[in-house]
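The following exercises concern the nonpolar core and the salt bridges of one protein model. Each task is followed by a solution in steps.

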Amino acid sequence: MRERMSRERVLEAALELLDREGAAGLSMRKLGKALGVEAMTLYYYVPNKDAVLDGLVELVLSRVTVEPAGDWRVWGKAFAESIRAELLRHPALMPVVAIRPVATPGALGLVERAAAALTEAGFTAREALHVINALSTFVIGHTLAEAGPDSPDQPDLDLADYPVLARAVADGLGTPEDHRERFDLAVAALLSGLAPRTPATGTTTRTRTGRRS
């Protein structure tokens, strides 16, 4: 029996098609064929290809199971790690996520929850969105550089005149483990460099004499 059609089923099939053929191979005709229906049938669930692409961004974010609560740097790090892991599972989706704005209710809901948690930590609403943008932009850029579909093979370089670079390569520069270490280092540096201008509600501050105010 044919699986019941739904927007979620269409998006899952679109992701599978994207994984196989890349963004250039994603079309409403091919998507309909993959689902065993006419392309026109898809328009009951997604109005156009742009809506499919927006839905794929939402699909990625829906798989981020980190709940924005508690220490914002802790969940921010986990949030970044989760997005990276999901993107690495679907390399062909990276260019789509890089250029598509968050535009669906599901995706906007996650951004709203993260922004609300950041405002509770003392960020203004606009600063909260700046933090989310800085973190997500870094994650997308890193994963594109790490495993993007257009990444060239590592060239065979003569490093005889570059001893520091040679030591780094000998120590594992460019390996999967190195990519993860590089990612963790940069996320930690990014998060440690961000801070709200005002303390979170309910917190106290200390004067130079050590008294609480």
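**Exercise 1.** In this predicted model, determine whether Glu67 is buried, partly exposed or exposed, and place its salt-bridge partner in the fold.

*Solution.* Step 1. The relative accessible area of Glu67 is 48%. Partly exposed residues lie between the limits of 20% and 50%, so Glu67 counts as partly exposed.
Step 2. Glu67 forms a salt bridge with Arg113, with an N to O distance of 3.7 Å.
Step 3. Arg113 belongs to helix H7, whereas Glu67 sits in the loop between H4 and H5; the pair therefore ties together parts 46 residues apart in sequence.
Step 4. Arg113 is likewise partly exposed, its relative accessible area being 40%.

**Exercise 2.** Identify the network of salt bridges that includes Glu86, and describe the pairing of Glu86 with Arg63.

*Solution.* Step 1. Through shared partners, salt bridges join Glu12, Arg63, Glu86 and Arg89 into one network.
Step 2. Within the pair Glu86 and Arg63, the N to O distance is 3.1 Å.
Step 3. Glu86 is located in helix H5 and Arg63 in the loop between H4 and H5, so this salt bridge ties together parts that are 23 residues apart in sequence.
Step 4. Glu86 has a relative accessible area of 5% and is buried; Arg63, at 28%, is partly exposed.

**Exercise 3.** State how many salt bridges the structure holds, and explain what the one between Arg100 and Asp54 ties together.

*Solution.* Step 1. The total is 14 salt bridges.
Step 2. In the salt bridge between Arg100 and Asp54, the closest N and O atoms are 3.0 Å apart.
Step 3. Asp54 is part of helix H4, and Arg100 lies in the loop between H6 and H7; the pair therefore ties together parts 46 residues apart in sequence.
Step 4. The relative accessibility of Asp54 is 16%. The limit for a buried residue is under 20%, so Asp54 counts as buried.

**Exercise 4.** Find which residues touch the most other members of the largest nonpolar core, and which helix gives the most to this core.

*Solution.* Step 1. The largest nonpolar core has 53 residues, among which Leu31, Val52 and Leu56 touch the most other members.
Step 2. Several helices give two or more residues to this core, including H1 (7-21), H2 (28-35), H4 (49-62) and H8 (125-147).
Step 3. H4 gives the most, with eight residues.
Step 4. Beyond its neighbours within four places in sequence, Val52 is in contact with Leu11, Ala14, Leu26, Met28, Leu31 and Val46.
Step 5. As general background, nonpolar side chains tend to be buried together in soluble globular proteins.

Conventions: Residues are numbered from 1 along each chain as its sequence is written. This is a predicted model: local features need pLDDT of at least 70, side-chain atom pairs count only at pLDDT 80 or more; totals for chains, interfaces and linings use all residues. Side-chain values use heavy atoms; hydrogens and water are left out. A nonpolar core is a set of buried Ala, Val, Leu, Ile, Met, Phe, Trp, Tyr and Cys residues joined through side-chain atoms within 4.5 Å. Buried means under 20% relative accessible area, exposed over 50%, partly exposed in between (1.4 Å probe, protein chains only). Helices (H or I, at least four residues) and strands (E, at least two) are DSSP runs, numbered from the N terminus. Contact means heavy atoms within 4.5 Å. A salt bridge is a side-chain nitrogen of Lys or Arg within 4 Å of a carboxyl oxygen of Asp or Glu.
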